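Trainee: Could you take me through one part of this protein closely? I would like to see how one pair of helices packs, and where that pair sits in the whole.

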Amino acid sequence: MRRRRIYEGKAKVLFEGPEPGTLVQYFKDDATAYNAQKKGVITGKGVLNNRISEFFMLRLAEIGIPTHFVRRLNMREQLVRQVEIIPLEVVVRNVAAGSFCERFKTEEGTALPRSIVEYYLKNDELGDPLVTEEHITAFGWAATQDLDDMLHLALRINDFLSGLLMGVGLKLVDFKLEFGRLWDEEEQMRIVLADEISPDSCRLWDLKTNEKLDKDRFRRDLGSVAEAYQEVARRLGVLPEAGPVDLQGPKVVQ
Ligand SMILES: Nc1ncnc2c1ncn2[C@@H]1O[C@H](COP(=O)(O)OP(=O)(O)O)[C@@H](O)[C@H]1O
Ligand SMILES: [Mg+2]
């Protein structure tokens, strides 16, 4: 079956879904970092991120967080509701890491006095700059009410995922969320969690050793990148049965 390809991003491809208002998210093994200046492939990443993101979205739905996730279709694809993406990356930080350390000259690993939520504009040309509520509302990227909804959802997601991950020996250092707008039959708009939650979008450290089990292994050339993604999937109980040998999955049919 030929499907219309709607968008090809750095880590995923979006196809037209089987029903109106749906999309298929295809997870690639491609990895990029530093605004796509660094490119590579992490074998099996797409298969694992598809599973890991499914797992998180389902658990979040159970606690009443609205998400775009409908169901997993196969090794690399999931059906989602099409939303109007709000062009912001909502970042929640519990521990100083990455660009935060450069900005404030803090040592990586410093626990923050409380969780900090930041907004970045999703714009590759501008290098995803940090923006404030003032910029967001003045330029109309989101309304004050939307921001309030996203902030509260992000903090609830942080509390829930921090606990869930601690239970499997992982520290949720920080993560990035994307939200979208969805309209129901009564034309009522709702903000829903979209995109993905995976080791591409989270910093996850082993609780005991502080070993990095996320995309920083790729960014910083630390080695054992695919193994780190597998370890996260294994701890969450979603590593595919066949294990690493079967992580290639089916090739995209087009
Ligand atoms: N439910 C959805 N509806 C519409 N667009 C979505 C949805 N979920 C995620 N997206 C968008 O699809 C793209 C996913 O592909 P990705 O490779 O992550 O792209 P990018 O390189 O822009 O980060 C992103 O631009 C993301 O904002
Ligand atoms: Mg993306």
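Mentor: Here is a walk through the helix pair, then the domains, then the ligand.

This is a predicted model. Start with helix α1, residues 45–62, and helix α6, residues 225–236. Their axes come within 10 Å and cross at roughly 30°. Angles under 35 degrees count as roughly parallel, so α1 and α6 are roughly parallel to each other. The crossing of α1 past α6 is left-handed.

Now look at the side chains' owners. From α1 come Lys45, Leu48, Arg51, Ile52 and Phe55. They meet Ala226, Tyr229, Gln230, Val232, Ala233 and Leu236 of α6. By type, this contact has 8 nonpolar residues, 1 polar and 2 charged.

Step back to the whole protein. It is divided into domain 1 (5–83 + 225–244) and domain 2 (86–206). Their centres, taken over C-alpha atoms, are 18 Å apart. At the border, 22 residues of domain 1 are in contact with 25 residues of domain 2. On the domain 1 side, α1 and α6 are the elements that give two or more residues. The largest share, 7 residues, comes from α1. That side divides into 14 nonpolar, 5 polar and 3 charged residues.

Last, find ligand 1. There are 17 residues around it, and Gly9, Lys10, Lys12, His68 and Ala194 come nearest. Strands β2 (12–16), β7 (77–81) and β12 (170–183) each give two or more residues to this shell. The shell holds 8 nonpolar, 4 polar and 5 charged residues. Domain 1 and domain 2 each supply at least three of its residues.

How values were computed. Residues numbered from 1 in each chain as written. Chains lettered and ligands numbered in written order. Predicted model: local features only at pLDDT ≥ 70, side-chain atom pairs only at ≥ 80, totals over all residues. Axes fitted to C-alpha atoms, helices over the stretch in contact; angles between N-to-C directions. Helix = DSSP H or I, 4+ residues; strand = E, 2+ residues; numbered from the N terminus. Parallel < 35°, antiparallel > 145°, perpendicular 65-115°, else oblique. Left-handed = near helix turned anticlockwise from the far one by under 90°. Contact = placed C-beta atoms within 7 Å. Nonpolar A, V, L, I, M, F, W, Y, C, P; charged D, E, K, R; others polar. Near = placed C-beta within 6 Å. Domains from an automatic or database assignment.
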